[in-house]
Amino acid sequence: MAVVSAAFLVVAVGGWRWWHDRPPYGPEALALTSSLRLVANEEAQAALGDRAHAPYASGGDQLVLGRVSWRTPPKPLDGGYFAVFLIDKRTDRKPEIFGVRAAHEKAVGIGSAGVENRIAERYSWLRGAGDVRVGQNEWRSNGNRLHVSDERVAPLTFVALFPHMAEPEPELPVASAPVALADLLLALAYLGPDGQVYWAQRLQG
């Protein structure tokens with residue numbers, strides 16, 4: 001009887017995990033579209049409009065204008081979120097400073113979360129989504145990404161600042177100038193309310 005009970009428990013736990021980690025829908029349901037381009041200060045501010053402030057570039061800094069759009073998904077996020085990553089593939093680092101314009105701007109945040117290391121563990125091509133090593137046994141947060149808590153915010157427009165650094169700063173692991181569009185990776189990941197990594201989709205790069 002004990003053996004049967006243990007076997008049932010294993011099956012039940014496995015079934016719950018399958019249900020818990022199963023995506024409500026795949027990226028194909030969103031009909032994702034995107035674009036990236038390098039812009040000057042005036043064009044960056046014009047793209048964001050009067051309700052948002054674009055980062056200001058000077059002295060060798062660069063600005064990247066990005067747009068991501070999707071069709072309203074078949075189910076609401078319900079505590080989950082979309083994470084939009086812009087990563088310099090040469091260093092696996094993300095920018096720190098963004099300006100954002102969206103249909104529901106309060107539903108878009110800028111930051112990082114430790115749970116997103118799971119994305120880097122699952123997708124080798126998206127390892128820049130997680131922390132970066134700055135020492136033998138030391139890891140640090142790697143720039144920022146955009147956090148979307150409402151599926152109705154699309155289209156999402158952002159401007160990212162790539163600051164010019166005369167010398168690399170190991171203590172400040174963020175993406176920096178000079179950068180070319182060919183160096184950049186743009187991706188969208190879908191995480192569940194308990195930090196489940198449902199999927200990640202490469203958009204550019």
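Start with Tyr 81: leaving out residues up to four places away in sequence, Tyr 81 touches Ala 113, Val 115, Glu 116, Arg 145, His 147, Val 148, Ser 149, Ala 189, Tyr 190 and Leu 191. This is a predicted model, and in it Tyr 81 sits in strand β3. With a relative accessible area of 9%, Tyr 81 counts as buried, because the cut-off for that is under 20%. Here's a quick tour of the rest, from the whole chain down to single residues.

**The chain as a whole**

- The protein chain has three helices and 11 strands.
- Reading from the N terminus, the elements go α-β-α-β-β-β-β-α-β-β-β-β-β-β.
- Out of 205 residues, 46% count as buried.
- Take the contacts with a separation of 6 or more: 78% of them come from residues 24 or more positions apart.

**The four-strand sheet**

- One open sheet has four strands in the order β1-β2-β9-β4, and its pairing is antiparallel.
- β1 and β4 (97-101) are the edge strands, each with a single partner strand, so one side of each has no neighbour in the sheet.
- From one strand to the next, the twist averages 20 degrees.
- Strand β2 covers residues 62-69, and six of its eight residues are buried, so β2 is mostly covered.
- On one side, β2 pairs with strand β1 (residues 33-39) in the antiparallel sense, over seven bridges.
- In that pairing, Leu 36 stands opposite Gly 66 in β2.
- β2 is also joined to strand β9 (residues 156-162) by seven bridges, and these two run antiparallel.
- Here the bridge partner of Leu 65 is Val 159 in β9.
- β9 pairs with β4 as well, in the antiparallel sense and over five bridges.
- For Val 100, the bridge partner in β9 is Phe 158.
- A handy thing to keep in mind while looking at any sheet: in a regular strand, side chains alternate between the two faces.

**The five-strand sheet**

- Another open sheet has five strands, in the order β5-β8-β3-β10-β11, again with antiparallel pairing.
- This time β5 (108-111) and β11 (197-204) are at the edges; each has a single partner strand, so one side of each is left without a neighbour in the sheet.
- Ignoring direction, neighbouring strands of this sheet are turned by 20 degrees against each other on average.
- Strand β3 (residues 81-88) is joined to strand β10 (residues 184-191) by eight bridges, and the two run antiparallel.
- Within that pairing, Phe 85 stands opposite Ala 187 in β10.

**Two residues of β3**

- Tyr 81 and Ala 189 are 108 residues apart along the chain, yet their C-alpha atoms are separated by 8.3 Å.
- Ala 189 is also among the residues that Tyr 81 touches.
- Asp 88 belongs to β3 too.
- Is Asp 88 buried or exposed? Asp 88 is buried, with a relative accessible area of 2%.
- Setting aside neighbours within four places in sequence, Asp 88 is in contact with Arg 93, Ala 175, Ser 176, Val 179, Asp 183 and Leu 184.

**A residue of helix α3**

- Arg 122 is found in helix α3, which covers residues 117-122.
- Arg 122 is partly exposed, with a relative accessible area of 47%.
- Which residues does Arg 122 touch, not counting those up to four places away in sequence? They are Val 197 and Tyr 198.
- The C-alpha atoms of Arg 122 and Val 197 are separated by 8.4 Å, although the two residues are 75 apart along the chain.

**The cavity**

- How many cavities of 30 Å³ or more does the structure hold? There is one.
- The largest cavity holds about 50 Å³ of space.
- Its lining is made up of Lys 94, Ser 112, Ala 113, Glu 116, Asn 117, Ala 129, Gly 130, Asp 131, Ser 141 and Asn 142.
- Sorted by type, the lining residues of the largest cavity are two nonpolar, five polar and three charged.
- Ala 113 and Glu 116 line the largest cavity, and Tyr 81 touches Ala 113 and Glu 116.

Definitions and conventions: Residues are numbered from 1 along each chain as its sequence is written. This is a predicted model: local features need pLDDT of at least 70, side-chain atom pairs count only at pLDDT 80 or more; totals for chains, interfaces and linings use all residues. Side-chain values use heavy atoms; hydrogens and water are left out. Buried means under 20% relative accessible area, exposed over 50%, partly exposed in between (1.4 Å probe, protein chains only). Two strands pair if DSSP finds at least two bridges between them. Axes are lines fitted to C-alpha atoms, for helices over the stretch in contact, and angles run from 0 to 180 degrees between N-to-C directions. Contact means heavy atoms within 4.5 Å. On a 1 Å grid over the protein atoms alone, a cavity is a set of points where a 1.4 Å probe fits but cannot get out, and a pocket is an open set with protein on both sides within 12 Å along at least five of seven lines; lining residues have an atom within 4 Å of a point. Grid points are joined across faces, edges and corners, and a volume is the space filled by probe spheres set on the points. Ala, Val, Leu, Ile, Met, Phe, Trp, Tyr, Cys and Pro count as nonpolar, Asp, Glu, Lys and Arg as charged, and the others, Gly among them, as polar.
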